[in-house]
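Good morning, colleagues. Please turn to the sequence and the structure on the screen.

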Amino acid sequence: MIEGEDDYRDSGLEFPADFVLGSATAAYQVEGAVREDGRGVSIWDTFSHTQGRILNGDTGDIADDHYHRLESDLDLMARLGLESYRFSIAWPRIQPAGSGAINERGVDFYARLVDGLLARGIRPIATLYHWDLPQALEDAGGWPNRDTASRFAEYASHVGNILGDRVSVWTTLNEPWCSAHLGYGSGVHAPGISNDLAALRAAHHLNLGHGLALQELRRAVTKPDAEYSVTLNFHVLRGEHETSPEAIRRIDAVGNRIFTGPMLRGAYPEDLFEDTASITDWSFVKATDLANISQPLDFLGVNYYSTNTVKMRDAAPATADDSRDPAITGSTWPGSRDVEFLDQPGPYTAMGWNIAPDGLEELLVSLHEQFPKLPLMITENGAAFDDVEIDGEVHDRDRIDYLRRHFTAAHRAMARGVDLRGYLVWSFLDNFEWNLGYAKRFGLVRVNYESLERTIKDSGRWFSELIATRRIPAPRGSER
Ligand code: FCB
């Protein structure tokens with residue numbers, strides 16, 4: 001790549017003093033201890049224990065054993081100098097069966113986590129739902145079932161009562177697109193259902209759950225300066241083909257605007273209704289739902305990893321594009337499976353995702369243009385690479401390079417007027433990467449999955465320097 005203006009490897013760019021710098025994880029990906037202290041079963045326990053669902057048969061049973069290593073992990077966060085830590089609360093630890101009485105021992109873990117963060121001067125950013133639905137609620141119909149939204153609000157109210165005096169930032173959902181479209185559409189995520197109608201119903205009930213939960217949180221929380229948000233993963237769409245504009249519109253509707261419409265504008269996009277008319281008339285959207293969903297937010301959480309290039313297929317497939325199995329009636333893109341996803345130009349991370357820092361700048365600027373009054377925060381960005389540990393060191397230059405380019409992109413967006421409040425790197429620790437198990441490492445800190453020992457990677461040190469100086473560090477000789 002040519003050095004200069006467009007390679008996004010600027011150094012020395014400075015972030016404002018109040019710009020939030022930190023890192024993120026999610027409960028099922030790091031905690032382990034799945035059968036301890038009264039925790040109930042989640043859909044990810046069931047899914048990961050179903051043969052063939054997860055690469056290498058991995059499960060989150062032990063994960064990083066963070067549940068038992070809380071104090072030393074907190075010390076590690078302090079050593080890195082994290083200013084904020086974004087974690088998720090496992091619903092089945094709080095309400096093992098998804099409703100009713102709370103489980104005090106589960107509550108205790110998160111109270112210790114939050115207190116431990118505060119004692120170290122780290123701001124807690126709590127996500128209520130990072131995909132681990134109590135299995136009992138899935139058995140009752142899961143997110144396609146309207147009642148799940150009410151159960152989620154009830155859970156939010158409990159958590160707000162318990163931790164509402166201490167948590168700085170509340171996030172309702174992480175990436176509802178994945179919950180709806182991967183969980184119930186393509187079925188590659190838990191609960192592994194593949195049905196277009198189920199996916200669209202799930203998307204709506206996730207939206208509703210978000211709005212109802214926000215209202216409950218605002219009622220329960222007592223910390224006066226607490227902030228409220230939701231985290232979405234946006235599809236940054238490109239394409240040069242003559243049919244690309246139509247393909248981009250379709251995926252933007254079912255992938256992005258299906259959430260930003262109701263949450264931020266109080267309405268579903270009309271074109272989404274048209275694209276999905278053969279699947280549903282959307283009569284599951286009730287009269288008061290949109291008012292309930294479109295609650296004010298203090299900022300929008302943005303997760304970004306890469307871009308997509310699309311065009312319309314030359315011939316629409318007869319069956320779902322994700323499988324030739326006739327029992328599978330859903331796809332990742334309900335109503336738009338005639339959109340074709342083209343190979344992306346490289347370079348790539350170990351996930352096979354293309355590295356495109358300009359996509360992050362483009363996304364932030366576009367969101368700012370669409371929602372000018374809404375501040376943004378990058379709640380996830382990072383990269384998996386095939387790290388190698390040699391003599392207790394991990395020289396992950398690729399990850400530093402990725403982060404340098406994306407921090408540059410974020411800074412450029414700010415220079416173009418985007419109100420960006422912070423940047424949380426995914427992830428603090430290597431962890432359970434969903435259907436790919438432990439094969440993909442995203443951490444700033446390496447986890448040895450045999451000894452569970454932690455090793456700060458070079459990228460962790462690089463990020464520490466960025467936090468301490470508030471500037472993108474200049475490349476050292478070996479990184480040039
Ligand atoms: C996001 C998820 C997060 C992690 C990263 C790599 O979609 O929110 O849990 O798996 O991708």
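I shall speak about a set of paired strands, then one loop residue, and finally the surroundings of the ligand.

Please keep in mind that this is a predicted model.

I begin with strand β3, which spans residues 123-129. Of its 7 residues, 6 are buried, so the strand is mostly covered, given that buried denotes under 20% relative accessible area. Strand β3 pairs with β2, residues 84-88, in parallel fashion through 5 bridges. Within that pairing, Ser88 has Thr127 of β3 as its bridge partner. Strand β3 also runs parallel to β4, residues 169-174, and 4 bridges join the two. There, Ile125 is bridged to Val169 in β4.

I turn next to Leu55, located in the loop between α2 (43-48) and α3 (70-80). Is this residue buried, exposed or partly exposed? Leu55 counts as partly exposed because its relative accessibility is 38%. Setting aside neighbours within four places in sequence, Leu55 is in contact with Asn435, Leu436 and Ala439. For Ala439, the separation from Leu55 is 384 residues in sequence, while the C-alpha to C-alpha distance is 7.8 Å.

Finally, the ligand. Which residues surround the ligand? Among them are His130, Trp131, Glu175, Tyr305, Glu380 and Phe442. Three further side chains deserve mention for their polar atoms. Gln29 places a polar side-chain atom 2.7 Å from an oxygen atom of the ligand. For Asn174, the corresponding distance to a ligand oxygen atom is 2.9 Å. In Trp434, a side-chain N or O atom is 2.9 Å from an oxygen atom of the ligand. Taken alone, the ligand exposes 290 Å², of which the protein buries 95%.

Note on methods
Residues are numbered from 1 along each chain as its sequence is written. This is a predicted model: local features need pLDDT of at least 70, side-chain atom pairs count only at pLDDT 80 or more; totals for chains, interfaces and linings use all residues. Side-chain values use heavy atoms; hydrogens and water are left out. Buried means under 20% relative accessible area, exposed over 50%, partly exposed in between (1.4 Å probe, protein chains only). Helices (H or I, at least four residues) and strands (E, at least two) are DSSP runs, numbered from the N terminus. Two strands pair if DSSP finds at least two bridges between them. Contact means heavy atoms within 4.5 Å. A residue is near a molecule or strand if one of its heavy atoms lies within 4 Å of it. A polar contact is a pair of N or O atoms within 3.5 Å; within protein, one must be able to donate a hydrogen and the other to accept it, and residues adjacent in sequence count only if both atoms are side-chain atoms. Accessible areas come from the Shrake-Rupley method with a 1.4 Å probe; for residues, only the protein chains shown count as cover.
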